[in-house]
Amino acid sequence: MRIAVLALQGAFIEHEQMLRRLGTEPFEVRQLNDWQQSKDGLILPGGESTVQMRLLSQLGLLEPVRQAIQEGLPVFGTCAGMILLSESHLATMAIRVRRNAYGRQLGSFHTCGTVSGVGTEVPMTFIRAPYIEEVLSPCCEWLAEVDGHIVAARQHRQLATAFHPELDDDPRLHRYFLSMISGKT
Ligand code: GLN
């Protein structure tokens, strides 16, 4: 299985390490040439969504990425990656997100919670994180909630978390994503 990891900015290396640990081969997407390789899935990492959007656009990657996701390429967006998937950005997922939702003081924290289909006591690291204010379509199901806010969702082959599973030593969310790709979940 070959997984494209958007490597323009942010926490992409940690995703690559997690994918290797699970026996898959990641490759970095830094320009259009990289994108044209065959792939089974895509990871949109955390970082800064405004910067990532600008670079995607400047590099001519925005439309090819959007189109591939719309045509069914499995994608996993974490934090800024989740913002990219939301209705105000690539708009492939029917979610409305609030950026920097936890405010400056509480911007970073760690907790554990249940993620539907993934398990209990899943570690969740939030860094200047967004949350999902609203799920806009019945096609999209929320998977986890923290303090009354939705922090993970799935819409067909798209998975999004407001937190950073790649920064914790628990591969269950990445394993879940790989099983989405192979059609097992
Ligand atoms: N605050 C960032 C944004 O709005 C997201 C932070 C992150 O990815 N850790 O894009």
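Here is a quick tour of this protein chain and its ligand, from overall build down to single residues.

What you see is a predicted model, where local features need pLDDT of at least 70, side-chain atom pairs count only at pLDDT 80 or more, and totals for chains, interfaces and linings use all residues. Residues are numbered from 1 along each chain as its sequence is written. The protein chain has six helices and eleven strands; these are DSSP runs numbered from the N terminus, with helices being H or I of at least four residues and strands being E of at least two.

**Overall build**

- The C-alpha trace of the protein chain spans about 40 × 30 × 30 Å along its principal axes.
- The radius of gyration of the protein chain is 15 Å, which agrees with the value near 16 Å for a compact globule of 185 residues. That radius is taken over C-alpha atoms, and the globule rule is 2.2 Å times the number of residues to the power 0.38.
- Of the 185 residues in the protein chain, 43% are buried. Buried means that 20 or more other C-beta atoms lie within 10 Å of the residue's own, exposed means 12 or fewer, and partly exposed is in between, with C-beta atoms placed from the backbone.
- Take the contacts in the protein chain between residues at least 6 apart in sequence: 64% of them join residues at least 24 apart. Two residues are in contact if their C-beta atoms, placed from the backbone, lie within 7 Å.

**Strands and how they pair**

- Strand β1 (residues 2-6) runs parallel to strand β2 (residues 25-29), and five bridges join them. Strands pair if DSSP finds at least two bridges between them.
- Arg 2 has Glu 25 as its bridge partner in β2.
- Add helix α1 (residues 13-21) to β1 and β2, and you get a right-handed β-α-β unit. Right-handed means that, with the strands pointing away from the viewer, the path from the first strand over the helix to the second runs clockwise.
- Strands β9 (residues 140-146) and β10 (residues 149-155) are antiparallel and joined by six bridges; Cys 140 is partnered with Gln 155 in β10.
- β9 and β10 form a hairpin with two residues between them, and Asp 147 in the turn has a positive phi of about 50°.
- Strand β5 (residues 95-98) alternates its side chains: Ile 95 and Val 97 are buried on one face, while Arg 96 and Arg 98 point to the other and are not buried.
- β5 also pairs with strand β8 (residues 131-135), antiparallel and over four bridges, with Val 135 as the partner of Ile 95.

**Two buried helix residues**

- Gln 52 sits in helix α3 (residues 49-58) and counts as buried because it has 23 C-beta neighbours inside 10 Å.
- Leaving out residues up to four places away in sequence, Gln 52 touches Leu 8, Gln 9, Gly 10, Gly 47, Ala 80 and Leu 84.
- Ile 69 belongs to helix α4 (residues 62-70), and it counts as buried because it has 22 C-beta neighbours inside 10 Å.
- With the sequence neighbours up to four places away set aside, Ile 69 touches Val 75, Leu 90, Thr 92 and Gln 158.

**Around the ligand**

- The residues surrounding the ligand include Gly 46, Gly 47, Glu 48, Ser 49, Arg 99 and Arg 128; a residue is near a molecule if its C-beta atom, placed from the backbone, lies within 6 Å of it.
- By class, that shell has four nonpolar, four polar and three charged residues. Here Ala, Val, Leu, Ile, Met, Phe, Trp, Tyr, Cys and Pro count as nonpolar, Asp, Glu, Lys and Arg as charged, and the others, Gly among them, as polar.
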